[in-house]
Amino acid sequence: MRSPLLRIFRILFSALVLICFFLVFSDFKNLIPSKYINILLYLQFVPSVLKFYDLRSLAAAGFIAVILLTFLSGRTYCSFLCPLGIGQDLFSRIGGLIKKRFRRYGFKKPHTVIRYSLLTASVIVIFIWGIYMLTLLDPYSIFGRFMTYFAKPVVILINNFLAGILHKFDVYTLDHITIKGFPLLSYSVPAAFFILIGSLSLTRGRLYCNMICPVGTLLGLLSKVSLLRIRFDENNCSRCGRCSLRCKSSCIDFLHKHVDVSRCVSCFNCINVCPDKALSYGPVRLKKKVHETDLEKRKFVAGSLLLLLGLPQIVRGQEKTTPQPRKESTVKENKTSPVCPPGAGSIADFNIDCTACSLCITACPNGVLQPAILQYGFTGMMQPVMDYHKSFCTFNCTKCTEICPTNALRPLALEAKKLTQLGKVNFIKDNCIVKTEKTACGACSESCPTKAVYMIPYEGNLLIPETNTDICIGCGHCEFVCPTKPFKSIFVDGNPVHQAAKKPENVQSEMETPVEFPF
Amino acid sequence: MRRRDFLKKSTGAGLAAGAVISMGGYEKLWTSSPANTKYDMVALMGGKPEAMFDLGIQELGGMGAFVHKGQKVLIKPNIGWDVIPELAACTNPLLVKRIIEHCFKAGVKEVYVFDHTCDNWVNCYKNSGIEKAAKSAGAKVVPGNSENYYQQIEIPGGVMLKSAKVHELLLETDVFINVPVLKDHNSTRLTCCLKNMMGVVWDRGYWHANNLNQCIADYGLFEKKPALNVIDCYNVMVKHGPQGVSKEDVVNMKSQIITADWVAGDAAAAKMLGIDTGKIEYISIAHKMGLGNMKLDTLNIKRIKM
């Protein structure tokens, strides 16, 4: 096939995929139903492998489809389905607009040692250490973090700007959303990767995919035996080199009329640019090849991405302060374990399955999921953790469990979630307003959805909280609303292994429908 | 908010901007129009929420006695919790809808509805049924979830609560109608008219931390007072309030109390729950501060059984 439509098809298809991913990750109103999100994520390679390892069912076999696709058509995954790859293509285009020479590539030798050692290391590390290296390098998760940490806040800023304008006209269709931001340290890894991948793609095409990305390397290996690939028609080729210059994978050695299929991402740019019609996409023709070439090293030019580093500061600046109560609380909360999200089962299970793609963090309607710093230890960095100082887990919601692509958070029916105990409530009487100020409060008990926190008589007319950990589900609403500072008077200590909470018992009130006015 | 109104109007009126200020009638924004009504309070029993309101407001001279043509009206129900209407943690949506309809019949220009919710606001607005009901009656349902919507106000004479940030709509509208639902409360023992105001301020936590009962009463000093309090006692959460656990907490009282005096409203509501009014600290404080009259036997109350 030599049709220019191939490339147009690739561009349209990939643009559609990228737009879908963008919408899913920036859907701050939770408008997209989980089932559509799951369809989109089905074919993401690393999440699918992890989910399959857990479930061993066809419902998670997206990666097998990708492998078959690769055997058939080469690394089409990288051009058509990988959001990070498509995003890099977009960057390469922008790079070309900045400086034409950024988009003139030319053949380069493969970084064989680097790419295969990273692939091997990723695999070995999973077995002996944990998922951490994959968390860092999985292209889907990297993309997810870019969207969650950098793109979504920008989308919300735009929303807030528009909401402000509409507001002036008394229209409330869009509402203002407070951007809470994450702990500063959690931006470090996504920011470093954004600079690395951003600058590589701006100036060097798909170098990241062909040097670092373990999925790219693995699919590259498989595509060495793929059926369909880019072929040279040696009789027509006049060795003009245009194909090589346009090849963002730097994999066309036009002097030797050879395409390195392990790096070719089937973008079809070369077919269109060839004036001799010497390149085509079709079934492999077996032939002896010799390859050795002269190579031209290009300077590594890093793009100016300092704005990116500034963004977290801007975002964090949106948080506003609230007045402090009069007395400071004195007893520190003694948290022995972080609280991991519903559906995780246990911290240990969760930590080995989560690649920190941050989809749950961006989808959580309450913003209670925050990227961990060291709560799970160094290897669990950026994995979501429940932060009850930021927000609480809303009772009638199972969003995060519905959309997790790796099955680190397993689906929970709403009724089951309402009885899943993420942690247990702890009351520190010595910090409590009722004891320290001798005034009524009850914010914790008021917000408890199961009445695991309830009020009992205290001095005089006052009531003071009491807890029943049997029916506590660890949602953290009590901790969130507790007004004492710097230490809360009530907090949830995580269950390393989630437990079943008892269903709250309730008896019918003895009051009856009145027949006379009591006043 | 005067400035925004001013800007809007002056842009429209162009050169006549100066004149607009003098014709704006801004004093009206700050005081509720005291209607000359026959009764201090109307209490109803035995009907549907809508029917009780129809009858009750008629006894008070109709909605036209409280709102006027061309005015902007704020209706503040309790939408605090993500709970279905049957569990009565939020104001009955049918009642909210009927009040809005009465307002529009009286010729008002715009009706706004909002609450600063405790649970996720999108879910609260949706699952309480209030968003749908209010929109179907033509009201604007407005978010209260972001500090951006709140304006600093002073409360002269407040003991603990001397200033607060309140939702701008409370300041921008001409008439304010308070539509609480009567509920048990774990700490103050009762939530009704005055306590419903915790949903118009941004920082509720401050109230909890600084003598809750005093703050509730202090807020009553703020000059923008409700023209009317319509207390929904149709389904009443008598225990596990203010959020409730299950339907066992709810008693179908089929009642409603309508009054311009919110302290009297809260005192009557306490009786409905069978609580000694003196046990509810903020009612006594508010009474002493002169914010209303908790002595029900001195009031002219119209009691209607349907």
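Biologist: Which residues touch the most other members of the largest nonpolar core?

Modeller: In this predicted model, Ile75(B) and Ile177(B) do, in a core of 228 residues. Membership requires a buried residue of a listed nonpolar type, joined to others through C-beta atoms within 7 Å. Ile is on that list, and both residues are members of the core, so each of them counts as buried.

Biologist: Which helix of chain B gives the most to this core?

Modeller: Helix H11 of chain B, residues 262-272, contributes eight residues to the core. The core also takes at least three residues from domain 1 (5-283) of chain A and at least three from domain 2 (321-500) of chain A.

Biologist: What does Ile177(B) touch, not counting residues up to four places away in sequence?

Modeller: Its partners are Val73(B), Leu74(B), Ile75(B), Ile99(B), Pro226(B), Ala227(B), Leu228(B) and Val230(B). A contact is called when two C-beta atoms lie within 7 Å, so each of these partners has its C-beta atom within that distance of the one in Ile177(B).

Biologist: How much of chain B counts as buried?

Modeller: The share is 58% of 306 residues. The cut-off is 20 or more other C-beta atoms within 10 Å, so 58% of chain B reaches that count. The secondary structure of this chain consists of twelve helices and twelve strands.

Biologist: And how much of chain A counts as buried?

Modeller: For chain A the figure is 48% of 519 residues. Chain A has 22 helices and ten strands, and its C-alpha trace spans about 100 × 50 × 45 Å along the principal axes. Of its contacts with a separation of 6 or more, 76% join residues 24 or more positions apart.

Biologist: Why is Ala416(A) called partly exposed?

Modeller: Because 14 other C-beta atoms lie within 10 Å of its own. Buried would need 20 or more, and exposed would need 12 or fewer; the value of 14 meets neither condition, so Ala416(A) is partly exposed. Ala416(A) belongs to helix H19 of chain A, residues 414-417. Its C-alpha atom is 34 Å from that of Val155(A), which is 261 residues away along the chain.

Biologist: How do you know that domain 1 of chain A and domain 2 of chain A are in contact?

Modeller: 34 residues of domain 1 of chain A have contacts with 26 residues of domain 2 of chain A. The C-alpha centres of the two domains are 37 Å apart. On the domain 1 side, helices H2 (34-41), H3 (45-55), H8 (132-137) and H9 (139-168) of chain A each give at least two residues. H9(A) gives the most, with seven residues. By class, that side has 18 nonpolar, ten polar and six charged residues.

Biologist: What makes up the side of chain B that touches chain A, by class?

Modeller: It has 18 nonpolar, 19 polar and 13 charged residues. Gly counts as polar in this scheme, so any Gly on that side falls within the 19. Across the interface, 50 residues of chain B contact 47 residues of chain A.

Biologist: Which element gives the most to that side of chain B?

Modeller: E11(B) does, with five residues. Elements giving two or more residues include strand E1 (41-45), helix H6 (121-127) and helix H10 (212-219) of chain B. H11 of chain B is also among them, and this helix gives the most to the core as well.

Terms used: Residues are numbered from 1 along each chain as its sequence is written. Chains are lettered from A and ligands numbered from 1 in the order in which they are written. This is a predicted model: local features need pLDDT of at least 70, side-chain atom pairs count only at pLDDT 80 or more; totals for chains, interfaces and linings use all residues. Helices (H or I, at least four residues) and strands (E, at least two) are DSSP runs, numbered from the N terminus. Domain bounds come from an automatic or database domain assignment.
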